[in-house]
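Please read the sequence and the coordinates side by side before going on. The paragraphs after the display lead through selected elements and contacts.

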Amino acid sequence: MPVRIGELLLKEKRITAEQLQQALNHQKANGGKLGYNLVKMGLVKDEEITALLSKQYGVPSINLTQFEIDPAVIKLIPADTAQKYQIVPLSRAGATLTIAMTDPTNVFAMDDIKFMTGYNVEPVVASETAVTEAIQRYYPSGAKAAKTVSAATGPSGPGALEMATRGLEEMQTLDAGDVEVLEDLEEISAEALAKQGEEAPVVRLVNVLLMSAIQKGASDIHIEPYEKELRVRYRVDGILYNIMNPPMKFRDAITSRVKIMAKLDIAEKRLPQDGRIKIRFSDGGTQKEIDFRVSVLPTLFGEKIVMRLLDKDKLMLDMTKLGFEQESLTKFEVAILRPWGMVLVTGPTGSGKTNTLYSSIARINTPETNIMTAEDPVEFNLVGINQVQVRENIGLNFAAALRSFLRQDPNIILVGEIRDFETAEIAVKAALTGHLVLSTLHTNDAPSTVNRLMNMGIEPFLVASSVHLICAQRLVRRVCSNCKEAHPLPPAALIQAGFNEEDAGRVAPFKGKGCEKCNQTGYKGRVGLYEVMEVSEELRELILVGASGLELRRKAVDEGMITLRQSGLRKVKDGVTTVEEVVRETVK
């Protein structure tokens with residue numbers, strides 16, 4: 001809590017109540033801190049305030065005018081931090097940095113400096129006048145730098161940021177000026193906006209970044225600070241592309257703008273934060289809304305921001321269009337139409353697991369069923385489905401949500417992810433007691449999922465009894481239909497990729513040569529590769545005796561399972577994707 005210097009001086013009888021009121025009136029008229037105004041009016045001396053604070057808080061005091069500070073120590077704390085907290089670094093001894101402060105109770109300032117410098121912080125008290133003069137003396141370029149930034153971002157001159165923004169605007173056609181941030185306009189204070197990069201060019205740049213990502217069909221925006229550059233990348237069809245490098249000096253302003261839009265704590269720069277941005281914009285005369293899931297992570301040179309685009313219009317809920325082979329789709333639909341048991345979807349982050357699960361529950365969502373989901377986070381709102389947002393910080397984890405679900409008379413339960421033994425145990429028990437449980441895991445293929453559950457601590461007989469089907473998946477880029485052309489490969493290369501000799505002689509792969517529609521990449525959109533393992537009686541017996549993933553895989557293939565590589569090769573044969581894409585995402 002800030003020091004109330006007026007009350008302290010009054011308590012020590014250094015000033016009268018009338019003098020305090022005069023100083024408060026003077027402060028109201030002229031601005032500045034109360035202590036500075038008391039000294040300026042001649043009611044107290046700097047030394048008196050310093051001595052009083054020293055006595056009150058048991059912190060040593062110092063007369064800064066008689067102290068010469070080493071320039072190497074000054075470099076440890078930037079000018080903006082010194083100005084923000086009204087502090088001056090004095091000396092360093094070993095792992096301890098001594099700083100002069102006007103307010104020795106400001107633990108936030110000390111924590112920030114400790115985190116920034118890596119040193120333990122030892123405060124001493126100095127008067128406001130002395131600290132202000134010392135900042136002006138030792139940081140002469142601080143004020144000039146602030147003026148330079150103001151000039152560069154002001155509306156009168158374009159500046160480096162406006163030039164960078166203009167370059168990006170030329171590459172996109174959606175109107176970035178008409179972006180409206182929803183649900184948070186009332187909660188942004190004018191003071192916060194003024195302090196954290198709310199000049200027009202910064203706002204415009206962030207709007208342009210969002211709109212350009214939407215138009216290019218990006219799934220993620222990465223804003224990454226490095227030592228000497230700031231990089232912005234888009235992930236389009238699973239591949240990251242460098243988009244622009246805004247001037248480094250605007251790093252904090254851009255970060256603050258995104259945090260304000262996502263309703264995050266601007267002052268917190270040491271801990272990861274998650275939020276959401278919801279924007280409305282005009283697309284060809286029609287109003288559209290898009291959500292951005294925002295993740296802020298402190299890195300060595302600043303905060304990295306990743307924004308995941310969540311476009312309801314692009315959510316594919318038709319299972320026949322996801323990329324399933326017909327026999328795999330039939331097995332999957334039979335499993336999700338069963339009254340009980342567990343269906344697991346596995347794959348790495350960004351492989352489309354959520355889309356497959358949403359498509360599954362859309363397929364089985366009828367007025368007669370009670371469907372409950374626990375997700376982290378809830379990506380899309382689905383009509384007729386009870387969705388719960390998991391909140392680890394208040395104890396609402398997947399296990400806690402699952403326990404509550406079982407008291408809510410559910411027919412179908414969707415668990416966003418099985419991460420630990422507790423969640424796995426409850427999910428398995430729910431599947432064995434008359435509920436259909438859908439969930440995801442992070443494994444490389446379908447057979448290894450069985451071993452993953454056992455490694456979590458689930459008994460083999462429970463896994464064998466509860467799990468009905470496991471689906472592993474990957475996403476590969478589709479060949480652009482606009483610039484698609486035949487791209488013959490030698491039979492040896494096709495055999496090496498996994499085709500048999502007969503197919504290698506007949507297959508004619510396609511490739512995109514690059515056009516405006518696909519940004520010269522030759523690819524447009526993505527399609528899923530699916531490995532669907534139905535747990536048959538023979539596989540159950542193998543699970544019960546603790547068979548390895550390799551044995552399970554061999555048996556499943558014998559029973560007709562299409563592997564991820566085979567699924568990919570079929571799509572190469574059909575001209576949907578390329579051999580390079582399949583080899584990049586799958587193994588033989």
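What follows is a walk through strands, helices, salt bridges and surface patches of this chain.

The model is a predicted one, and its local features are described only where pLDDT is at least 70. With that in mind, a convenient place to begin is the pairing of strand 1 (residues 87-93) with strand 2 (residues 96-101), which run antiparallel and are joined by six bridges. Within this pairing, P89 has I99 of strand 2 as its bridge partner. The two strands form a hairpin with two residues between them, and there G94 adopts a positive phi near 65°.

A positive phi also appears at K263, which follows helix 13 and has a value near 60°. Helix 13 itself, spanning residues 251-261, is mostly covered, since nine of its eleven residues are buried. Charged residues are found in this buried set, which includes R257 and K259, together with residues such as I254, V258, I260 and M261.

The salt bridges come next, and a search of the whole structure finds 32 of them. One is formed by K288 and D311, whose closest N and O atoms are 3.6 Å apart. This pair links distant parts of the chain, with K288 in strand 9 (residues 286-299) and D311 in the loop between strand 10 (302-310) and helix 14 (326-336), the two being 23 residues apart. Both K288 and D311 are buried.

A salt bridge within one helix is given by E425 and K429, for which the closest N and O atoms lie 3.5 Å apart. Both belong to helix 17 (residues 421-432), where they are four residues apart, or about one turn of the helix. An α-helix has 3.6 residues a turn, so residues three or four places apart point the same way. E425 counts as partly exposed because its relative accessibility is 27%, and K429 falls in that class because its relative accessibility is 47%.

Helix 25 (residues 579-585) contains E580, and its residues R584 and E581 are separated by about one helical turn because they are three residues apart. These two form a salt bridge in which the closest N and O atoms are 2.7 Å apart. Are the two partners buried or exposed to some degree? R584 is partly exposed because its relative accessible area is 41%, whereas E581 is buried because its relative accessible area is 2%. Elsewhere, salt bridges that share partners join E224, R231, R233 and K304 into one network. Returning to E580, this residue counts as partly exposed because its relative accessibility is 37%. E580 and R477 are 103 residues apart in sequence, while their C-alpha atoms are 10.0 Å apart in space.

The last stop is the surface, where E534, E538, E541, D558 and E559 gather in a patch of negative charge. E534 is placed in strand 19 (residues 523-534), and E534 counts as partly exposed because its relative accessibility is 31%. A nonpolar surface patch of about 330 Å² is made by F461, L544 and V545. Of these, V545 lies in the loop between helix 22 (537-544) and helix 23 (549-558), and V545 is classed as exposed because its relative accessible area is 67%.

Notes
Residues are numbered from 1 along each chain as its sequence is written. This is a predicted model: local features need pLDDT of at least 70, side-chain atom pairs count only at pLDDT 80 or more; totals for chains, interfaces and linings use all residues. Side-chain values use heavy atoms; hydrogens and water are left out. Patches are made of residues with over 30% relative accessible area and no salt bridge: like charges are joined within 9 Å, nonpolar side chains (Val, Leu, Ile, Met, Phe, Trp, Tyr) within 5 Å. Accessible areas come from the Shrake-Rupley method with a 1.4 Å probe; for residues, only the protein chains shown count as cover. A salt bridge is a side-chain nitrogen of Lys or Arg within 4 Å of a carboxyl oxygen of Asp or Glu. Lys and Arg count as positive and Asp and Glu as negative; His and the chain ends are not counted. The place of a charge is taken as NZ of Lys, CZ of Arg, CG of Asp or CD of Glu. Buried means under 20% relative accessible area, exposed over 50%, partly exposed in between (1.4 Å probe, protein chains only). Two strands pair if DSSP finds at least two bridges between them.
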